[in-house]
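I opened my notebook to follow one molecular structure step by step, beginning with the ligand and ending with the chain around it. My entries are kept in the order in which I looked things up.

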Amino acid sequence: MKKGVVYPGSFDPLTLGHLDLIKQALTIFDRVIVAVADNSEKKPAFSRKERIQILEEVTDGMPGVEVDYFSGLLVNYLRKKNINVILRGLRAVSDFDYEFQMVLTNRRLAPEVETVFLMPQEDYFFLSSSMVKELAVLGADLSAFVPAKVEKELKKKLGKIK
Ligand code: PNS
């Protein structure tokens, strides 16, 4: 039986850390749905459409990867997709509290759903989308942190990111 996983997140924007996680997930799961959250409390720099377009372009040619979005509760989205595994990346210890809260909340809401964590390669251990946006504003070379497509899109947005 084919096993699917939902990899949810803001992806604002996609980083090489996210991409690394998607590649790792493909070695375990047959179907990886990258689900862009539409209801993030954070005000995203990239619109939902832009984040989806970037993901679609960058994951084009990666069999097994689907790009989608969801609003509302993540567990409801999983039920709709008939998938019972959530994938999250775990980087430094600082991620732990938040991720732990999320696992327990989702477990309370949907006991049939499990969350699995994968760790990015050490090069991306301290990489985050917010760090990337800060570096972009400061004019840093982003090639070690994001796909070329994202670097291009970030440059276009520079004036709008605070
Ligand atoms: O990339 P992020 O911002 O860390 O992703 C967080 C996200 C979007 C996965 C999380 O906020 C989420 O699942 N939001 C949907 C609302 C929900 O289901 N909340 C209950 C679980 S905390």
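Entry one, the site. I looked up where the ligand is placed, and found that it sits in the largest pocket. I note here that I am reading a predicted model, so every entry describes that model.

Entry two, the shell. I asked which elements give two or more residues to the shell around the ligand, and I found strand S1, residues 4-9, and helix H4, residues 96-109. Helix H4 gives the largest share of this shell, with three residues. I then sorted the shell by residue type, and wrote down seven nonpolar residues, four polar ones and two charged ones.

Entry three, the nearest residues. There are 13 residues around the ligand, and those that come nearest are Ser-10, Lys-42, Leu-74, Arg-88 and Met-102. For three of these names I looked up a polar atom pair with the ligand. In Ser-10 a polar atom of the side chain lies 2.5 Å from an oxygen atom of the ligand. In Leu-74 the partner is a polar backbone atom, which is 2.8 Å from an oxygen atom of the ligand. In Arg-88 an N or O atom of the side chain is 2.9 Å from an oxygen atom of the ligand. I also looked up how much of the ligand is covered: taken alone it exposes 540 Å², and the protein buries 78% of that.

Entry four, the loop after the strand. I turned to the loop between S1 and helix H1, residues 16-26, where Pro-13 is found. The peptide bond that leads from Asp-12 to Pro-13 is cis, and its omega is near 0°. Phe-11 also has its place in the loop between S1 and H1, and I noted that its phi is near 50°, which is a positive value in a residue other than glycine.

Entry five, the whole chain. I asked how many helices and strands the protein chain has, and I wrote down six helices and five strands. Read from the N terminus on, the elements run β-α-β-α-β-α-β-α-β-α-α. The radius of gyration of the protein chain is 15 Å, close to the 15 Å that the globule rule gives for 162 residues, so the chain is as compact as a globular protein of that length. As a last entry, I recorded that the C-alpha trace spans about 45 × 35 × 30 Å along its principal axes.

Conventions
Residues are numbered from 1 along each chain as its sequence is written. This is a predicted model: local features need pLDDT of at least 70, side-chain atom pairs count only at pLDDT 80 or more; totals for chains, interfaces and linings use all residues. Side-chain values use heavy atoms; hydrogens and water are left out. A residue is near a molecule or strand if one of its heavy atoms lies within 4 Å of it. A polar contact is a pair of N or O atoms within 3.5 Å; within protein, one must be able to donate a hydrogen and the other to accept it, and residues adjacent in sequence count only if both atoms are side-chain atoms. Accessible areas come from the Shrake-Rupley method with a 1.4 Å probe; for residues, only the protein chains shown count as cover. On a 1 Å grid over the protein atoms alone, a cavity is a set of points where a 1.4 Å probe fits but cannot get out, and a pocket is an open set with protein on both sides within 12 Å along at least five of seven lines; lining residues have an atom within 4 Å of a point. A molecule sits in a cavity or pocket if more than half of its atoms lie within 2 Å of its grid points. Ala, Val, Leu, Ile, Met, Phe, Trp, Tyr, Cys and Pro count as nonpolar, Asp, Glu, Lys and Arg as charged, and the others, Gly among them, as polar. The radius of gyration is taken over C-alpha atoms; the globule rule is 2.2 Å times the number of residues to the power 0.38.
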